[in-house]
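Visitor: I'd like to practise reading helix packing and cysteines in a model. Can we go through one together?

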Amino acid sequence: MPTTQHHPNAALAGVPGSRRRLDTPALLLDLDAMTGNIARMAQFAAGRGVGLRPHVKTHKSVEIARRQLAAGAIGLSCVTLGEAETMAAAGLPGVLITSPIVTAGKIRRLVELASRAAPGEVMVVVDHPRNVDDLAAAAGALAHPLHVLVDYAAGYGRTGAADAAAVLALARRIESHPTLRLRGLQAYAGNIQHIGERERRAAAAAAVRSSVRQVIDAASAANVRFGIVTGGGTGSHDLDAHDDLFTELQVGSYVFMDADYSAVLAEDDSSTAFDVALLVQAAVVSVNQPSSVTVDAGTKAFATDSGVPLVAGGPLAGAAYVFAGDEHGRLAVDGGRRPQLGDRVEFTTPHCDPTVNLHEVYHVVSGDTLVDIWPVNARGR
């Protein structure tokens, strides 16, 4: 990754009007919108008495993680070991790896990571008894026990123990190993985050909470205690905070928002409202077609799993975008609002997390000015 100091746009930092002079395609981060999103989620969590362990998979940025922690987050969620290594190397605390670490090479890396951290500052989830035993054997090299949570499928099934009996068996197995310490339960229901209808999403979230409550009650009856109950997400954050069940939320996309989440949460009567803070700026590179123009942002600039990008306001708002290859997109325009060659167009991303992973840096903007360039530290990790 090139240093941000030598980035082609670095010389524009602090120059009034520089937002519209960037080399494109450029990943934009609206600093004011992001700061507001971080503050609103922190205020929500504090008001509900629940902790925040935001997912760094959304931003993969040490600087953004620092700002979330400074606003009150109790730690960070990382899907991958590479993300966890990146955050821990920057001295950021409270890393929970939310996907099982099972291969021999990664288990060695996990133990090395935990050896450099204070006890409990690196935690990992498990969903299989063999994985428990493998972690226990490897953790013998540590000066302190490895802290572990049981991963519960919670109706999603991507990972996680299938039912309360399986959760309890794993918890007991963890407790049987002196090199491990049982910390809690993970119950992440990613399948409900993007349900568009509020009533259906609320019903699905209530079903998840009921299921998790049954697991906790079964464990309690067997004298097994889960100090941490972690899960939830941006799409269900206000629902997950009900019933005094989750001790912390693994929200991620709230920090940026995207076209999909904006649509999902548009009709929510929520105590929080988040602004779009992540954009991709493109330049018009061809105007020769009568009913469209071509911009220099295609499938290498946007994730394609959640539809197409949306023009983010301005005179072209509502113009339809169509992917036109790796580096290009077509924007349908009429004569009355036809842009000129070299004009900049900004887009709301279809799906923020994988879009970020396509870019090396954030162009941090405030108003019409580029104020800084931040690396996407854990890109590709």
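Visitor: How are α5 and α6 oriented to each other, roughly parallel or roughly antiparallel?

Guide: Bear in mind that this is a predicted model. The idea is to compare the N-to-C directions of the two axes, and angles under 35 degrees count as roughly parallel. Here helix α5 (residues 129-138) packs with helix α6 (residues 164-175) at about 15°, so α5 and α6 are roughly parallel to each other. Their axes lie 10 Å apart.

Visitor: Which hand does the crossing of α5 and α6 have?

Guide: That crossing is right-handed. On the α5 side, Pro129, Val132 and Asp133 make the contact, and on the α6 side it's Leu170, Arg173 and Ile174.

Visitor: How do the residues of that contact of α5 with α6 divide into nonpolar, polar and charged?

Guide: You get four nonpolar and two charged residues, with no polar ones.

Visitor: On to the cysteines. How many disulfides does the structure hold?

Guide: A disulfide is a covalent bond between the sulfur atoms of two cysteines. This structure holds zero disulfides. Take Cys78, which is in no disulfide: its nearest cysteine sulfur belongs to Cys352 and is 16 Å away.

Visitor: Why does the sulfur of Cys352 form no bond with that of Cys78?

Guide: The cut-off for a disulfide is 2.5 Å between the sulfurs. At 16 Å from the closest cysteine sulfur, in Cys78, the sulfur of Cys352 is too far for a bond.

Visitor: Is Cys78 buried or exposed?

Guide: Buried, because its relative accessibility is 0%. Cys352 also counts as buried, at 0% relative accessibility.

Definitions and conventions: Residues numbered from 1 in each chain as written. Predicted model: local features only at pLDDT ≥ 70, side-chain atom pairs only at ≥ 80, totals over all residues. Heavy atoms only, no water. Buried < 20%, exposed > 50% of the residue type's maximum accessible area, 1.4 Å probe, protein only. Axes fitted to C-alpha atoms, helices over the stretch in contact; angles between N-to-C directions. Helix = DSSP H or I, 4+ residues; strand = E, 2+ residues; numbered from the N terminus. Parallel < 35°, antiparallel > 145°, perpendicular 65-115°, else oblique. Left-handed = near helix turned anticlockwise from the far one by under 90°. Contact = heavy atoms within 4.5 Å. Nonpolar A, V, L, I, M, F, W, Y, C, P; charged D, E, K, R; others polar.
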